[in-house]
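Subject: Structure for you to look at

Hello,

Here is the structure we talked about. Please open it next to this message and read the two together.

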Amino acid sequence: MRSIALHAALWWLLLLAGATFAPAGEAASVVIADLEFKPSTVTVRVGDTVTWINRDFVEHTATSRNGVFDVATPKTRPAHWRAQKVGDFSYYCRLHPNMTGVIRVTR
Ligand SMILES: [Cu+2]
């Protein structure tokens with residue numbers, strides 16, 4: 001019986017973790033660590049959501065060079081952007097401009 005209760009508790013923890021890091025429609029996650037976007041390039045489809053998870057010790061942004069998005073990526077919670085048109089979107093961090101990445105959006 002005790003192991004069943006333990007399994008149930010672990011299952012709930014997994015569900016909660018999944019709810020935190022995989023909202024509906026999420027297609028790609030970028031982890032920010034050591035002043036880098038990892039992976040630096042992700043590919044999603046139009047309508048998909050990109051999530052940035054900041055595991056660094058400072059705040060960052062994900063800012064596209066063409067002005068399409070400017071997302072603050074606080075340490076406290078994941079940040080999201082929903083891709084709405086096809087293209088390669090180069091982005092950087094406004095606070096640390098040598099942090100760069102690309103979101104590739106396909107149909
Ligand atoms: Cu930064």
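Below is what was found in it, with the terms explained as they come up.

This is a predicted model, in which local features need pLDDT of at least 70, side-chain atom pairs count only at pLDDT 80 or more, and totals for chains, interfaces and linings use all residues. Residues are numbered from 1 along each chain as its sequence is written.

The protein chain has an average pLDDT (the predictor's confidence in each residue, from 0 to 100) of 85, and 76% of the residues score at least 70. Over residues 9-24 pLDDT stays under 50, and the model has four contacts beyond four places in sequence for them; a contact means that the C-beta atoms of two residues, placed from the backbone, lie within 7 Å. Where pLDDT is low, the predicted coordinates should not be read in detail.

The protein chain has one helix and nine strands. Here helices (H or I, at least four residues) and strands (E, at least two) are DSSP runs, numbered from the N terminus. The helix comes at the start of the order, α-β-β-β-β-β-β-β-β-β.

Five strands make an open sheet with mixed pairing, in the order E3-E9-E8-E5-E6; two strands pair if DSSP finds at least two bridges between them. Strands E3 (41-45) and E6 (70-73) are at the edges with a single partner strand each, so one side of each has no neighbour in the sheet. Within the sheet, E5 (residues 60-64) and E8 (residues 87-92) run antiparallel and are joined by two bridges. Thr63 stands opposite Tyr92 in E8.

Regards
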